[in-house]
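Here is a colleague's note for your file. Please read it with the model open beside you.

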Amino acid sequence: MPGTGANVVIATGHVVTISTNTAVVGNVTVSAGATLTVSATVGSTLSYNGTMSVSGRLNNYGGIDQTTTNQLRPFQLLDTGTYEHNPI
């Protein structure tokens, strides 16, 4: 897992699964042909304090926190992006 506040780019062809208790990053980019999954493991949460841009696939079976320091953060579902929401 990248360090706290790090910007994350998931490149085409890569599959990343978050199964930790609150991974905290900066900007998140899911490229076309890439997949990011927040697992259904209890406590699995992705928290970002920048912008999330999804051109690939985002599966949210856990939690995604967009509200660090009481400010909503941008979430962009772009061109070829898909989002599946099925939290535990």
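The numbered points below cover sheets, a salt bridge, a surface patch and a few single residues.

1. Status of the model. This is a predicted model. Please read each point with that in mind.

2. The four-strand sheet. Four strands form an open sheet in the order β2-β5-β8-β13. The pairing is parallel. β2, residues 15-18, and β13 are the edge strands, each paired on one side only. On average, neighbouring strands in this sheet are turned by 10° against each other, direction ignored.

3. The β8 to β13 pairing. Strand β8 covers residues 57-60, and β13 covers residues 82-85. The two run parallel and are joined by four bridges. Within this pairing, Arg57 stands opposite Thr82 in β13.

4. The salt bridge. How many salt bridges does the model have? The count is one. The side chains of Arg57 and Glu84 form a salt bridge, with an N to O distance of 2.7 Å. The pair links distant parts of the chain: Arg57 belongs to β8, Glu84 to β13, and the two are 27 residues apart. In general, side chains of opposite charge can pair when their charged atoms come close.

5. Exposure of the salt-bridge pair. Neither end needs a long comment. Arg57 has a relative accessible area of 31%, so this residue is partly exposed. Glu84 is at 28% relative accessibility and therefore also counts as partly exposed. The partly exposed class lies between the 20% and 50% cut-offs.

6. Asn60 and Gly62. Asn60 is also in strand β8. Is Asn60 buried or exposed? Asn60 counts as buried, because its relative accessibility is 3% and the class takes residues under 20%. A polar atom of the Asn60 side chain lies 3.3 Å from the backbone nitrogen of Gly62. Please look at this contact in the viewer.

7. The three-strand sheet. A second entry on sheets follows. Three strands form an open sheet with the order β3-β6-β9, and here too the pairing is parallel. The edges are β3 (23-25) and β9 (63-65), each pairing on one side only. Neighbouring strands of this sheet are turned by 20° against each other on average, direction ignored.

8. The β6 to β9 pairing. Strand β6 holds residues 45-48. Three bridges join β6 to β9, and the two strands run parallel. Which residue of β9 is the bridge partner of Ser47? The partner is Asp65.

9. The nonpolar patch. Three residues make a nonpolar patch on the surface: Phe75, Leu77 and Tyr83. Together they have about 250 Å² of accessible area. Leu77 sits in strand β12, residues 75-77. Leu77 counts as partly exposed because its relative accessibility is 44%. Patch members must have over 30% relative accessible area.

10. Gly33 and Gly81. Where is Gly33 placed? Gly33 lies in the loop between β4 (28-30) and β5 (35-38). Its relative accessibility is 55%, so Gly33 counts as exposed; the exposed class starts over 50%. Gly33 and Gly81 are 48 residues apart in sequence. In space, the C-alpha to C-alpha distance between Gly33 and Gly81 is 9.0 Å.

Conventions: Residues are numbered from 1 along each chain as its sequence is written. This is a predicted model: local features need pLDDT of at least 70, side-chain atom pairs count only at pLDDT 80 or more; totals for chains, interfaces and linings use all residues. Side-chain values use heavy atoms; hydrogens and water are left out. Two strands pair if DSSP finds at least two bridges between them. Axes are lines fitted to C-alpha atoms, for helices over the stretch in contact, and angles run from 0 to 180 degrees between N-to-C directions. Patches are made of residues with over 30% relative accessible area and no salt bridge: like charges are joined within 9 Å, nonpolar side chains (Val, Leu, Ile, Met, Phe, Trp, Tyr) within 5 Å. Accessible areas come from the Shrake-Rupley method with a 1.4 Å probe; for residues, only the protein chains shown count as cover. A salt bridge is a side-chain nitrogen of Lys or Arg within 4 Å of a carboxyl oxygen of Asp or Glu. Buried means under 20% relative accessible area, exposed over 50%, partly exposed in between (1.4 Å probe, protein chains only). A polar contact is a pair of N or O atoms within 3.5 Å; within protein, one must be able to donate a hydrogen and the other to accept it, and residues adjacent in sequence count only if both atoms are side-chain atoms.
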